[in-house]
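Visitor: I am new to this structure and would like a close look at a single part of it. Could you take me slowly through the salt bridges, and then through the places that help me find my way around them?

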Amino acid sequence: MTTIAANLQAVRERVADAAIAAGRRPEEIALLAVSKTWPAHCVAEAADAGQRLFGENYVQEGVAKVAELQARGLEWHFIGPLQSNKTRPVAAHFDWVHSVDRLKLAERLSEQRAAESAPLNVCIQVNVSGEASKSGVAPDEVAALARQVAALPRLRLRGLMAIPEPDGDEALLRGRFATLRRLRDELNAAGFALDTLSMGMSHDLELAIAEGATMVRVGTAIFGTRKLREERI
């Protein structure tokens, strides 16, 4: 078994154990392998081990991998900050965008998604920790943005995403994840049908699953320590 395959198996076991500990079914949680900065052959190795969902942060790099691995039928998620002038290739090549945090971004993705393509699945990124340096809409602005995004053609609003500040305080992190779950529940009570909570990474996926995560984004625990990257696309 290759290292990536072994790592994937270990992460799947962590996800399953966390789900069971939380009284949930392991199949309720999707594993998104974050492959940013890793070459296509590493993605192919993970795909050979049964992984189908992959997350990318950089437009040019991600689009190149999507094209190179097109024949494998993988599902591609754009999870990084997205500039408005970079939406066209994302709308054309990705299946999901997790980082929608303003109406202009959603409008451009909607306009640039081909009519013959399946609707682009989107999540609204929420800044649950209130960090000035972090992308995401403020919690009290989520409902208004959700109404606007849900009304756009060629998009399907699936849920919410968050990246809490890295912190060793488990109670604080659980509180951040609980905030995202509460926002999702409030939106659904208001008539939405959101099925996705994209939260939790290599270091905190157990806490996120305990608070209701339906998709965890794991890179380091699968591929290893990230390679340094000078250019941010």
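Guide: What follows is a walk through the salt bridges, and after them a few other sites. Please keep in mind that the model is predicted.

By the rule used here, the count comes to 14 salt bridges. One of them is formed by R14 with E206, whose closest N and O atoms are 2.8 Å apart. This pair links distant parts of the chain, since R14 belongs to helix α1 (residues 3-21) and E206 to helix α8 (residues 205-210), with the two positions 192 residues apart in sequence. R14 has a relative accessible area of 25% and is therefore classed as partly exposed, and E206, at 32%, is partly exposed as well.

A second pair to look at is R72 with D48, where the side chains meet in a salt bridge at 3.0 Å, N to O. Because R72 sits in the loop between α3 (59-68) and β3 (75-78) while D48 is in helix α2, the pair ties together parts that are 24 residues apart in sequence. The partners fall into separate accessibility classes: R72 counts as partly exposed because its relative accessibility is 32%, whereas D48 has a relative accessible area of 58%, so it is exposed. Elsewhere, salt bridges that share partners join R24, R25, E27 and E28 into one network. Within that group, the side chains of E27 and R25 meet at 3.1 Å, N to O; E27 is exposed, with a relative accessible area of 58%, and R25, at 46%, counts as partly exposed.

From helix α8, where E206 is found, you can go on to E211, which is placed in the loop between α8 and β8 (215-218). E211 has a relative accessible area of 11%, and because anything under 20% is called buried, E211 is a buried residue. Leaving aside residues up to four places away in sequence, E211 touches R174, F177, A178, R181 and M199. Of these, F177 is 34 residues away from E211 in sequence, yet the two C-alpha atoms are 6.1 Å apart in space.

Two further loop residues are worth finding. K36 lies in the loop between β1 (30-34) and α2 (40-48), and it is buried, with a relative accessible area of 18%. An unreviewed UniProt entry places the feature "modified residue: N6-(pyridoxal phosphate)lysine" at K36. N127, for its part, is in the loop between β5 (120-125) and α6 (142-150), and with a relative accessibility of 9% it also counts as buried. Its contacts, again without residues up to four places away in sequence, are K134, S135, G136, V137 and P139.

The last stop is the second largest pocket, which holds about 200 Å³ of space. Its lining is made up of 13 residues, and those nearest its centre are V66, Q70, W76, H93 and D95. Helix α4 (residues 87-93) gives the largest share of that lining, namely three residues. Sorted by class, the lining has seven nonpolar, four polar and two charged residues.

Methods. Residues are numbered from 1 along each chain as its sequence is written. This is a predicted model: local features need pLDDT of at least 70, side-chain atom pairs count only at pLDDT 80 or more; totals for chains, interfaces and linings use all residues. Side-chain values use heavy atoms; hydrogens and water are left out. UniProt positions are given in the numbering used here, feature names are shortened, and annotations may be inferred rather than shown by experiment. Helices (H or I, at least four residues) and strands (E, at least two) are DSSP runs, numbered from the N terminus. Buried means under 20% relative accessible area, exposed over 50%, partly exposed in between (1.4 Å probe, protein chains only). On a 1 Å grid over the protein atoms alone, a cavity is a set of points where a 1.4 Å probe fits but cannot get out, and a pocket is an open set with protein on both sides within 12 Å along at least five of seven lines; lining residues have an atom within 4 Å of a point. Grid points are joined across faces, edges and corners, and a volume is the space filled by probe spheres set on the points. Ala, Val, Leu, Ile, Met, Phe, Trp, Tyr, Cys and Pro count as nonpolar, Asp, Glu, Lys and Arg as charged, and the others, Gly among them, as polar. Contact means heavy atoms within 4.5 Å. A salt bridge is a side-chain nitrogen of Lys or Arg within 4 Å of a carboxyl oxygen of Asp or Glu.
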